[in-house]
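Trainee: I should like to work through this structure by question and answer. May we begin with a single residue and then move outward?

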Amino acid sequence: GRHSGILPFKFGNFNRGGRFIRNVGYYWAASEYWDALASFDYNESYGISYNAALKYNVRYKFSGSISGTYNNESYYSDYNQVKGKRWSLKFNHSQTVSPTFSIRANGHFISDKRYYTDYSNNQDDRLNRSLTSQLSFSKRFGNVSMSGQFKHTDDIDKETRTDLLPSLSISFPSGAIFGTPPKDSDGKSLRKWYHGIMSGYSVNFRNYSQRHTITEITNVDTTIIGTDTTITIDSTSNRSRKEYMTANHRTRLSAPFKIFSYLKLNPSFSYNETWAKIFQTDQSDSQNINAATGYRRYQYSAGVSASTDLYGTINPNIFLLEGLRHVLTPSVGFSWAPELKRHENEMSYVGAGSGSSKRKSMSFSLRQLFQAKVKSGESSKKLDLLTVNSSFGYNFEATGRKLSNLSTSAQTSLLRKIKISANMSHDLYIPGTENLRWWSPYLLSFSLSTTFNTSGILGQYEQPEEENGNFPAKSMGQGDSKQGWSFSLTHHYNESGRGSSFRKTHTVNYSLNVNLTPNLNIGYRQYYDFARAKTVSRSMTIRRKLHCWEGQFSWVIDGSNAGFQFRLNVVSIPEIKYEKSESGTRNSYY
């Protein structure tokens with residue numbers, strides 16, 4: 001349905017003053033695979049901006065776009081004419097070279113850090129102060145995967161430039177060391193415990209470079225002549241650099257197996273080793289790092305976990321209820337790691353951490369699942385009634401309190417349209433002491449969330465006969481010939497702390513939409529805060545279709561953007577419209 005033509009333009013003025021006309025140009029639907037457009041904007045405050053964009057797409061092969069803006073800036077400041085050339089450029093490209101090889105690239109560049117502040121009303125553009133350009137690829141060799149990235153990031157406020165040239169990852173997936181177990185003559189697996197020993201390996205390379213500007217004030221002069229004061233500041237700017245290369249190796253062994261067919265054990269061992277080469281810069285010199293040598297550090301840890309499933313079942317056979325089942329899954333884990341502090345300063349410099357502390361801890365968890373079996377016609381079906389998860393830990397190396405807080409969560413979606421979830425955190429110690437109170441833990445926080453969604457039919461429309469092709473007659477019960485409505489509600493309650501640190505939030509957010517006729521829709525939304533006994537926001541929207549036109553009235557009753565907007569537009573060409581609005585945060589268009 002694309003075709004070449006003149007772009008729909010708009011003109012108006014900003015609330016703060018200054019008239020404009022935008023999007024005056026032409027769109028060229030060149031072929032099935034690409035198109036382009038060119039336009040210009042005139043802003044009374046800044047001058048003329050020229051815009052261009054190109055899009056291309058060959059299905060299953062590649063796609064992308066490139067767009068840019070060139071601004072021929074001209075305006076007056078303190079009776080002096082200011083001229084300048086400012087610009088922005090964006091591009092992205094995605095290509096599937098083969099089923100196992102793909103390439104992605106994107107870039108974002110602007111002429112100066114105030115470009116979007118002066119030229120864009122888009123909130124995302126104005127808040128984005130970090131511009132990223134990158135080229136990435138991924139390749140699979142059987143089960144082995146490799147990915148790489150060349151990345152450039154500019155922090156336009158801090159004047160910091162960061163480059164990864166490149167980063168590269170190679171991953172060998174976890175697999176059985178001793179291969180697949182053999183089978184006997186009857187096809188039965190001759191699996192032994194060692195067939196479950198799994199191993200995986202990955203390595204990550206990084207070539208990192210960062211540069212940023214450091215500005216130092218060298219002198220401040222204050223000159224007073226009569227009632228006028230002149231302040232002169234002298235400063236110097238220097239570029240500070242940080243450069244290094246790292247290779248991080250990771251491997252892991254695990255051997256899950258069962259004892260007596262019901263106790264699941266999973267011992268594991270992991271080993272990490274980092275190599276680093278640091279280049280001499282002003283930052284490495286300030287850290288007293290010897291750049292003439294390389295650095296190496298390793299870390300390792302071990303652990304084991306155990307879990308099982310316990311079942312309790314009753315069969316009451318009352319009405320439609322055939323059975324109830326309670327499934328408990330207790331699990332316990334132990335982990336250990338030695339203290340390793342080799343090359344703390346150098347490894348912290350390259351982002352590998354200052355080292356590992358000695359660790360010896362245990363974790364405990366219990367999962368409870370409540371289920372029901374009910375009759376459904378001639379068959380039966382299983383329902384998950386409630387799920388409860390509880391967990392806490394014990395740190396052998398901690399001084400003082402060795403037990404962590406007890407965390408509990410519960411979820412249920414038994415009622416088809418209602419979902420409820422709750423979370424709690426308890427302190428197992430008497431507040432302010434190291435004395436246990438496990439039989440009556442201290443509640444630290446509690447939260448409860450509920451969502452409810454429903455919809456229905458009010459009745460059926462009296463459809464008019466076809467008249468001048470505007471309202472085709474429809475048979476009763478067809479699609480949109482019914483009066484429909486929908487309602488959604490989200491409720492949230494949370495409390496934490498005690499005394500002066502006590503905090504509570506209690507809110508509800510709901511919306512209602514009603515289709516009164518095939519062409520009339522009314523929507524209402526409200527957000528209420530019970531804790532403050534205050535309506536935070538309310539809004540109403542009315543939509544009405546009339547032949548080929550559509551009208552919409554939006555009323556924001558409360559909040560910082562309270563106001564209204566009325567819009568009447570052609571359905572097939574929304575740019576042809578009449579619009580009127582009154583709001584503290586919206587521009588006025590005509």
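**Contacts, charges and rings in a predicted model**

Trainee: Is His 108 buried or exposed in this predicted model?
Mentor: His 108 is found in strand E8, which spans residues 101-110. Its relative accessibility is 13%, and the limit for a buried residue is under 20%. His 108 therefore counts as buried.

Trainee: Which side chain is joined to that of His 108 by a polar contact of 2.7 Å?
Mentor: Leaving aside residues up to four places away in sequence, His 108 touches Leu 89, Lys 90, Tyr 116, Asn 128, Leu 131, Thr 132 and Ser 133. The polar contact of 2.7 Å joins the side chain of His 108 to that of Tyr 116.

Trainee: How many Å separate the C-alpha atoms of His 108 and Trp 34?
Mentor: Along the chain, His 108 and Trp 34 are 74 residues apart. In space, their C-alpha atoms are separated by 21 Å.

Trainee: Is Asn 51 buried or exposed?
Mentor: Asn 51 lies in strand E5, residues 47-58. Its contacts beyond four places in sequence are Leu 37, Ala 38, Ser 39, Phe 40, Asp 41, Gly 68 and Thr 69. With a relative accessibility of 17%, Asn 51 counts as buried.

Trainee: With which side chain does the side chain of Asn 51 make a polar contact?
Mentor: The polar contact has a distance of 3.3 Å. The residue is also listed among those that Asn 51 touches. The partner is the side chain of Asp 41.

Trainee: Which residue meets Asp 112 in a salt bridge?
Mentor: A search of the whole structure finds 11 salt bridges. In the one formed by Asp 112, the N to O distance is 2.7 Å. This pair links distant parts of the chain, with Asp 112 in the loop between E8 and helix H1 (115-119) and its partner in strand E7 (residues 80-98), 26 residues apart. The partner is Arg 86.

Trainee: Which residue of that pair counts as buried?
Mentor: Asp 112 has a relative accessibility of 27% and so counts as partly exposed. The value for its partner is 9%, and that residue therefore counts as buried: Arg 86.

Trainee: Which residues are linked with Arg 211 in a network of salt bridges?
Mentor: One bridge joins Glu 243 and Arg 241, whose closest N and O atoms are 2.8 Å apart. Glu 243 counts as buried because its relative accessibility is 16%, whereas Arg 241, at 30%, counts as partly exposed. The residues linked with Arg 211 in the network are Arg 241 and Glu 243.

Trainee: Is Arg 532 buried or exposed?
Mentor: Arg 532 forms a salt bridge with Asp 529, with the closest N and O atoms 3.0 Å apart. Asp 529 counts as buried, at 10% relative accessibility. Arg 532 has a relative accessible area of 51%, so Arg 532 is exposed.

Trainee: Which elements give two or more residues to the largest nonpolar core?
Mentor: The largest nonpolar core has 10 residues in all, including Leu 164, Tyr 208, Tyr 244, Ile 278, Met 347 and Tyr 349. The elements that give two or more residues to this core are strand E15 (263-278) and helix H4 (344-349).

Trainee: The charged end of which residue sits over the ring of Tyr 349?
Mentor: Among the residues that Tyr 349 touches are Lys 242, Glu 243, Tyr 244 and Ile 278. The charged end in question is 4.6 Å from the centre of the ring. It belongs to Lys 242.

Trainee: Why does the ring pair of Tyr 208 and Tyr 244 count as stacked?
Mentor: Among the 22 aromatic pairs found in the whole structure, this one has ring centres 4.9 Å apart. Tyr 208 lies in strand E12 and Tyr 244 in strand E13, so the pair ties together parts that are 36 residues apart in sequence. Both residues are buried. Planes under 30 degrees apart count as stacked, and here the angle is 20 degrees.

Trainee: What is the angle between the planes of Phe 446 and Tyr 493?
Mentor: Phe 446 lies in strand E23 and Tyr 493 in strand E24, so the pair ties together parts that are 47 residues apart in sequence. The pair is tilted, with a centre to centre distance of 6.4 Å and an angle between the planes of 55 degrees.

Key
Residues are numbered from 1 along each chain as its sequence is written. This is a predicted model: local features need pLDDT of at least 70, side-chain atom pairs count only at pLDDT 80 or more; totals for chains, interfaces and linings use all residues. Side-chain values use heavy atoms; hydrogens and water are left out. Helices (H or I, at least four residues) and strands (E, at least two) are DSSP runs, numbered from the N terminus. Buried means under 20% relative accessible area, exposed over 50%, partly exposed in between (1.4 Å probe, protein chains only). Contact means heavy atoms within 4.5 Å. A polar contact is a pair of N or O atoms within 3.5 Å; within protein, one must be able to donate a hydrogen and the other to accept it, and residues adjacent in sequence count only if both atoms are side-chain atoms. A salt bridge is a side-chain nitrogen of Lys or Arg within 4 Å of a carboxyl oxygen of Asp or Glu. A nonpolar core is a set of buried Ala, Val, Leu, Ile, Met, Phe, Trp, Tyr and Cys residues joined through side-chain atoms within 4.5 Å. Rings of Phe, Tyr and Trp (its six-membered ring) pair if their centres lie within 6.5 Å; planes under 30 degrees apart count as stacked, over 60 as edge-to-face and the rest as tilted. A charge sits over a ring if NZ of Lys or CZ of Arg is within 6 Å of the ring centre and within 35 degrees of the ring normal.
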